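Biologist: Please take a close look at the surroundings of the ligand, and then set that part within the chain as a whole.

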Amino acid sequence: MKFTKTIEVKNIFNKISYKYDFLNNLLSFGLHKLWKRKLVNLLEPLNGEDWADLCCGTGDLAFLIFKRVSPRGSITGIDSAEDILNIAKKKSELRKNKFIIWEIIDVLEINDYSKKFDGICMSYGLRNLRNIEEGMKKVFYLLKDKGRAGFLDFNHSNKNSLSNIFQKIYLRLIVVPISHLFNLSPEYAYIEKSIRNFPKKNELLKIAKEVGFKKAEYRSIFWGQMGILILTK
Ligand SMILES: C[S@@+](CC[C@H](N)C(=O)[O-])C[C@H]1O[C@@H](n2cnc3c(N)ncnc32)[C@H](O)[C@@H]1O
């Protein structure tokens with residue numbers, strides 16, 4: 001069952017990779033860039049620090065963090081889907097950016113903790129992991145003491161709340177029909193299912209505390225549509 005989800009997720013992101021950035025911009029009306037910037041601003045990466053962008057996809061966060069941590073620090077983008085990571089690599093080449101390190105690996109299969117990070121970020125990744133608690137544990141082990149981590153994702157709001165109803169309307173009447181134009185509707189229909197299985201704010205905070213994070217804060221943004229979880233080790 002768990003194995004199946006990993007394969008399914010990987011296939012989805014490999015399949016949509018060629019349209020990923022285009023559809024992200026279109027379907028969020030470009031707003032995903034603002035939310036990612038907000039996450040990075042909250043995390044305040046500093047020049048000289050070592051960072052990782054887990055589930056980096058086409059590398060949006062890695063590119064934002066690069067601007068903050070270079071030239072003395074480092075940023076590593078990690079993803080399990082080869083095709084989407086290749087797009088991140090291509091973007092690096094086009095920008096003549098040799099600073100960002102790209103690694104293909106399943107986050108849940110990381111077992112080498114010899115390189116620790118000052119900070120770790122993940123946007124729209126945690127929800128896709130087959131085991132969220134395991135994912136948070138990996139982040140915990142990969143962080144240096146007092147390191148910080150930030151996660152941006154859809155907010156799983158209470159059933160029948162206004163934001164929940166709005167989210168469903170948006171996903172069903174905008175996201176799925178538009179992605180259908182590109183023959184990608186099953187892949188984008190997956191988002192609603194994944195939000196349903198994603199822990200709500202208080203559950204995420206509880207998992208983070210159980211994993212061992214000293215400080216955990218959650219803020220919902222954009223009228224409860226998205227959420228940012230900030231953790232300190
Ligand atoms: C919705 S995309 C987000 C990409 C990027 N972070 C962004 O915000 O645009 C989710 C990404 O997580 C990656 N992913 C899912 N499960 C993963 C895992 N177990 N290990 C590494 N990457 C994973 C997918 O391949 C995909 O690129």
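**The ligand shell and its setting**

Modeller: By class, the shell around the ligand has 11 nonpolar, 5 polar and 3 charged residues; here Ala, Val, Leu, Ile, Met, Phe, Trp, Tyr, Cys and Pro count as nonpolar, Asp, Glu, Lys and Arg as charged, and the others, Gly among them, as polar. The model is predicted, so local features need pLDDT of at least 70 and side-chain atom pairs count only at pLDDT 80 or more, while totals for chains, interfaces and linings use all residues. Residues are numbered from 1 along each chain as its sequence is written.

The ligand is surrounded by 19 residues, the closest being Phe13, Cys55, Gly57, Ala81 and Ser123 (a residue is near a molecule if its C-beta atom, placed from the backbone, lies within 6 Å of it). Helix 1 (2–16) and helix 4 (60–69) are the elements that each give two or more residues to this shell; helices are DSSP runs of H or I with at least four residues, and strands are E runs of at least two, numbered from the N terminus.

Helix 4 also gives the largest share, 7 residues, of the largest nonpolar core. Of the 49 residues in that core, Leu54, Ala62, Ile65, Ile120 and Cys121 touch the most other members. Such a core is a set of buried Ala, Val, Leu, Ile, Met, Phe, Trp, Tyr and Cys residues joined through C-beta atoms within 7 Å, and buried means that 20 or more other C-beta atoms lie within 10 Å of the residue's own, placed from the backbone.

In the whole chain, there are 9 helices and 7 strands, and buried residues make up 36% of the 233 residues.

How values were computed. A residue is buried if 20 or more other C-beta atoms lie within 10 Å of its own, exposed if 12 or fewer, and partly exposed in between; C-beta atoms are placed from the backbone.
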